[in-house]
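Reader: I am new to this structure and would like a close, careful look at a single part of it. Please set that part in its surroundings and explain each term as you go.

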Amino acid sequence: MDNKQMRMLKKLYHHTNYNYDREREVSIYKTETLTAAEQELLHASGWVANDLQYIRHDEIISRLIELRSNVRLTWTSIGNAFVAGVGGSWPRGISTLACYHTMIHARPHAYEEPEFLRACKVCGFSHSHEGWDNLSYIRYAMHLGNNYSGSSFGAYVDMAELVELLEQEPIEATDNDKRAFSQLLQSLDRAEAGETPGQYEKRLTGEKIMKGHAGIRRGMLQALARVGVLPNRILELSPDRWTDMATIIHAEFELDNTKGRSDMEMPWAGWQGSLGVDWNKARAIFGDWV
């Protein structure tokens with residue numbers, strides 16, 4: 001997607017440019033605010049402005065399980081996409097790492113909310129077992145480089161991300177992408193023992209290793225923490241096993257850097273400088289690129 005298209009979508013999905021459908025509890029974005037040229041570009045690109053879908057927890061989990069049979073989805077292809085996201089040649093790839101991790105560990109389970117979480121305790125799906133959502137806005141947010149896997153969108157985002165990845169030609173990380181990714185890991189590994197996630201984020205901004213705003217960089221770190229490449233002082237997370245979302249979120253109660261802060265969440269919140277990088281897990285996913 002080129003810059004012209006992204007500027008048009010940024011205008012379309014501006015936080016003031018929508019009507020709220022109270023019956024379906026979903027935002028519908030207004031295409032009439034676009035200029036004639038922008039509307040023509042929207043049509044030519046094939047982008048659906050409001051792809052409203054009724055989604056059900058059990059159906060999404062079933063579709064994730066079905067995706068495991070697709071031979072194009074491997075740690076190698078996902079590693080390529082994620083590194084391309086970190087380096088900036090394909091920002092869409094940042095969500096792929098955690099999404100793939102969800103897919104390979106997906107299992108049938110009932111939707112059940114613990115008392116402290118308005119989402120499924122296993123997969124983190126939504127705040128209900130079914131309901132309407134606007135897939136178009138989620139696609140747009142992930143094209144920007146946002147990582148929504150593990151958020152309130154939960155397994156729905158994981159499924160949508162992987163389906164859209166399969167609609168692309170195989171993503172190949174560039175040499176610049178690989179260089180930026182390697183520099184990111186090296187930067188994390190040389191952290192001082194007491195460095196907190198917040199302090200590291202400030203240092204990363206100053207080092208200017210990669211493009212993108214603070215939220216995008218946070219998404220990268222959150223994804224690496226979810227698969228255990230960035231170790232956690234409360235839980236041991238790993239690419240080869242699943243930890244329920246309720247367990248991860250409940251662990252926040254044991255941390256002092258999440259109290260009173262809605263922007264610092266597990267599992268990234270559980271990292272500290274003394275933990276550095278788990279190079280064995282990094283190599284298991286990214287091979288020689290680390």
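Author: Helices (H or I, at least four residues) and strands (E, at least two) are DSSP runs, numbered from the N terminus. This is a predicted model, in which local features need pLDDT of at least 70 and side-chain atom pairs count only at pLDDT 80 or more, while totals for chains, interfaces and linings use all residues. Residues are numbered from 1 along each chain as its sequence is written, and side-chain values use heavy atoms, with hydrogens and water left out.

As a setting for the close look, the protein has twelve helices and four strands. Its radius of gyration (taken over C-alpha atoms) is 19 Å, close to the 19 Å given for 290 residues by the globule rule (2.2 Å times the number of residues to the power 0.38), so the protein is as compact as a globular protein of that length. The C-alpha trace spans about 55 × 45 × 40 Å along its principal axes, and 52% of the 290 residues are buried (under 20% relative accessible area, with a 1.4 Å probe and protein chains only).

The part to dwell on is helix H6, which runs over residues 135-143 and is mostly covered, seven of its nine residues being buried. Those buried residues are Leu-135, Ser-136, Ile-138, Tyr-140, Ala-141, Met-142 and His-143. At the start of H6, a side-chain oxygen of Asn-134 comes to within 3.1 Å of the backbone nitrogen of Ser-136. Just after H6, Gly-145 adopts a positive phi of about 110 degrees.

What lies against this helix can be followed from Met-6, a residue of helix H1 (residues 3-12). Met-6 counts as buried because its relative accessibility is 16%. When its neighbours within four places in sequence are left aside, Met-6 is in contact (heavy atoms within 4.5 Å) with Met-1, Tyr-140, His-143 and Leu-144, and of these partners Tyr-140 and His-143 are among the buried residues of H6. In contrast, the C-alpha atoms of Met-6 and Leu-166, which are 160 residues apart along the chain, are separated by 21 Å. For the protein as a whole, 70% of the contacts between residues at least 6 apart in sequence join residues at least 24 apart.

Another histidine can be set beside His-143: His-57 has its place in helix H3 (residues 57-67), and it counts as buried because its relative accessibility is 2%.

Definitions and conventions. Buried < 20%, exposed > 50% of the residue type's maximum accessible area, 1.4 Å probe, protein only. Polar contact = N/O pair within 3.5 Å; in protein donor to acceptor, adjacent residues only side chain to side chain.
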